[in-house]
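Student: I have just opened this entry and would like some help finding my way around. Could we go through it together?
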Amino acid sequence: KNMRIRIFILTMLIVPLLFSACKRDTNFGDNGSDGETPSASVNITDPDLLVVPSGFNFATTKNLDVYVKVANLSFVGERFRINVYIDEPSTGKLTTAGMTDEAGEYYTPVTVPIDLEYIYIEKISVDGSKVAEKVKANLFVRTTFDNGAEKSVFTFRKSSSGIDCNSGCTQTYNNHTGNITISSGQVVCVTGTFNGNITINGTGILKFCGSGTVDSLVLNNSARAYILDYAVLNIGRIISNNSTTEFNNWSDSLISNHCATANSIAENHGKFYIQCSLTVSSTGQFNNFGELYVTGHLENSGNFDNYHYASINDYVTVASGATLNNYCQFVTKSDLTVYGTLNSNSFTKVANMLAVNSGGKITLSNQALISTANFTNNGTVSTSGTKTNVIKVSSVSTLNSGSAINGKVQYCDNNGIETN
């Protein structure tokens with residue numbers, strides 16, 4: 001059943017009532033000069049003498065009246081926790097929190113910096129599942145998102161990359177067929193249609209704004225590649241030959257037809273479909289701010305941070321010394337094996353076996369929920385913070401000698417714990 005949340009925000013400016021002093025540098029010029037050279041200053045100590053330009057606003061904060069309504073409750077009196085953040089929830093910049101009433105409504109006044117463009121409103125259900133929405137903090141906003149079972153529930157309104165192919169290009173290729181080599185110091189923009197290979201050397205930069213096929217994208221040295229907002233691209237191989245390269249995707253239509261390896265920084269802000277497996281090497285850092293779909297497995301030997309939605313069709317391995325941080329929704333349709341560290345403050349779903357090996361560690365925080373068919377623990381599960389977290393097992397639990405589950409954890413097994 002879908003639930004709808006409507007959020008209303010009214011903004012009022014807080015204007016300071018008193019100013020005591022101001023010093024303004026004024027360009028008078030010397031001996032009839034045109035005033036381009038500053039040669040004098042004026043000290044104003046009497047507020048009555050202060051000349052303020054028309055329309056100037058001294059306010060540094062603004063008040064938001066935040067209204068949240070959860071429609072289509074599952075039962076009468078169902079309640080939800082509402083968190084209001086001034087930045088992405090993963091940053092922990094919580095400004096206020098509360099519970100909806102029996103009608104599924106919540107109101108709170110919030111004071112935020114005047115230049116703040118967005119706030120983030122998060123709804124947490126009793127089972128620990130979370131939905132967050134990015135809301136513009138202007139005079140009046142109404143936004144709706146659903147809390148059903150489909151992945152569209154987690155629709156994320158990503159901000160623009162702020163990068164385009166209209167400026168800052170040392171060379172532009174439009175409707176090009178053939179190979180491109182980008183030299184150090186060059187900024188190459190690709191528009192229209194493209195078909196060929198691209199190699200980036202030195203400090204070269206690629207800005208891809210078009211559509212088409214790149215059979216091979218090679219990043220050498222400190223190369224950077226940006227697949228921008230409206231690009232529609234199929235990539236064969238993405239090859240990073242150095243730990244200082246960067247790959248950034250903002251497109252909602254990026255498909256990789258081969259397996260991918262992140263040897264350095266790779267970020268996804270859009271929708272990235274890898275039609276094979278993904279490997280994060282020991283020098284790699286993969287940050288997922290958008291939607292990531294991997295048809296094969298994920299082998300993480302470095303750092304993998306999920307801030308939104310990641311779906312892995314096959315097994316997931318977190319190697320010894322590696323870290324997987326989940327701040328939103330992470331799903332594997334097979335097994336998740338932890339030799340290193342799994343940190344989760346949100347929802348992690350494992351279709352088959354979650355195994356924590358000897359030396360492996362899981363840390364749960366912020367009412368995190370792990371849902372798995374089977375759970376085998378030979379390592380350590382612990383918690384951070386004061387909130388209670390949940391591990392839900394639908395089939396077999398094996399808690400071997402030497403393993404530990406510590407902290408605020410509610411452990412739920414439909415059949416009881418088989419081995420303890």
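**A conversation about the strands and cores**

Tutor: Let us begin with one pair of strands: strand S5 (residues 81-85) pairs with S6 in the antiparallel sense, over five bridges. Please keep in mind that this is a predicted model.

Student: Which residue in S6 is the bridge partner of Tyr-85?

Tutor: The partner of Tyr-85 there is Leu-94.

Student: And in what order do the four strands of that open sheet come?

Tutor: The order is S6-S5-S8-S9, with antiparallel pairing. Strand S6 (94-99) and strand S9 (130-136) stand at the edges; each has a single partner strand, so one side of each lacks a neighbour in the sheet. From one strand to the next, the twist averages 20 degrees.

Student: How many helices and strands does the protein have?

Tutor: There are zero helices and 41 strands. Of the 420 residues, 46% count as buried. The protein exposes about 19700 Å², and carbon and sulfur atoms supply 48% of that area.

Student: What share of the contacts with a separation of 6 or more comes from residues 24 or more positions apart?

Tutor: Such pairs account for 28% of those contacts.

Student: Next topic: which residues touch the most other members of the largest nonpolar core?

Tutor: Those are Leu-217 and Phe-304, in a core of 56 residues. Strand S13 (residues 187-200) gives this core its largest share, five residues. Another core, of 13 residues, lies apart from it, and its members include Val-66, Val-68, Val-112 and Leu-116.

Student: What is Leu-217 in contact with, leaving aside its neighbours within four places in sequence?

Tutor: Its contacts on that basis are Ile-198, Ile-200, Leu-206, Ala-225, Ile-235, Arg-237, Ile-238, Ile-239 and Phe-247.

Student: Let me turn to S28. Are the residues on its two faces buried or exposed?

Tutor: Both faces of strand S28 (residues 309-312) are covered. Tyr-309 and Ser-311 are buried on one side, and Ala-310 and Ile-312 are buried on the other. As background, side chains in a regular strand alternate between the two faces of the sheet.

Student: Does S25 run parallel or antiparallel to S28?

Tutor: Strand S25 (residues 291-294) and S28 run parallel and are joined by four bridges. Val-294 stands opposite Ile-312 in S28.

Student: What about S28 and S31: in which sense do they pair?

Tutor: S28 pairs with strand S31 (residues 329-332) in the parallel sense, again over four bridges. The bridge partner of Ser-311 in S31 is Val-331.

Student: Now charges. How many salt bridges does the count come to?

Tutor: The count comes to one salt bridge. Lys-93 forms a salt bridge with Asp-87, and their closest N and O atoms are 3.8 Å apart.

Student: Why does Lys-93 count as partly exposed?

Tutor: Lys-93 counts as partly exposed because its relative accessibility is 43%, and that category lies between the limits of 20% and 50%. Asp-87, at 25% relative accessibility, counts as partly exposed as well.

Student: Further along the chain, where is Val-393?

Tutor: Val-393 lies in strand S38 (residues 389-393). Val-393 is buried, with a relative accessible area of 0%. Setting aside neighbours within four places in sequence, its contacts are Thr-372, Ala-373, Asn-374, Phe-375, Tyr-411, Cys-412, Asp-413 and Asn-414. The C-alpha atoms of Val-393 and Ile-370 are separated by 8.4 Å, and the two residues are 23 residues apart along the chain.

Student: Is Thr-398 buried or exposed?

Tutor: Thr-398, in strand S39 (residues 397-399), is buried, with a relative accessible area of 18%. Beyond its neighbours within four places in sequence, Thr-398 is in contact with Phe-375, Thr-376, Asn-377 and Thr-419.

Student: One last residue: where is the place of Asn-366?

Tutor: Asn-366 is in the loop between strand S35 (361-365) and strand S36 (369-377). Not counting residues up to four places away in sequence, Asn-366 touches Tyr-85, Lys-130, Asn-345, Ser-384, Lys-387 and Asn-389. Tyr-85 is the residue whose bridge partner in S6 is Leu-94. Asn-366 and Ser-344 are 22 residues apart in sequence, and their C-alpha atoms are 8.5 Å apart in space.

Methods
Residues numbered from 1 in each chain as written. Predicted model: local features only at pLDDT ≥ 70, side-chain atom pairs only at ≥ 80, totals over all residues. Heavy atoms only, no water. Buried < 20%, exposed > 50% of the residue type's maximum accessible area, 1.4 Å probe, protein only. Contact = heavy atoms within 4.5 Å. Areas by Shrake-Rupley, 256 points an atom, 1.4 Å probe, with all protein chains shown as cover. Pairing = 2+ DSSP bridges. Axes fitted to C-alpha atoms, helices over the stretch in contact; angles between N-to-C directions. Core = buried A, V, L, I, M, F, W, Y, C linked by side-chain atoms within 4.5 Å. Salt bridge = Lys/Arg side-chain N within 4 Å of Asp/Glu carboxyl O.
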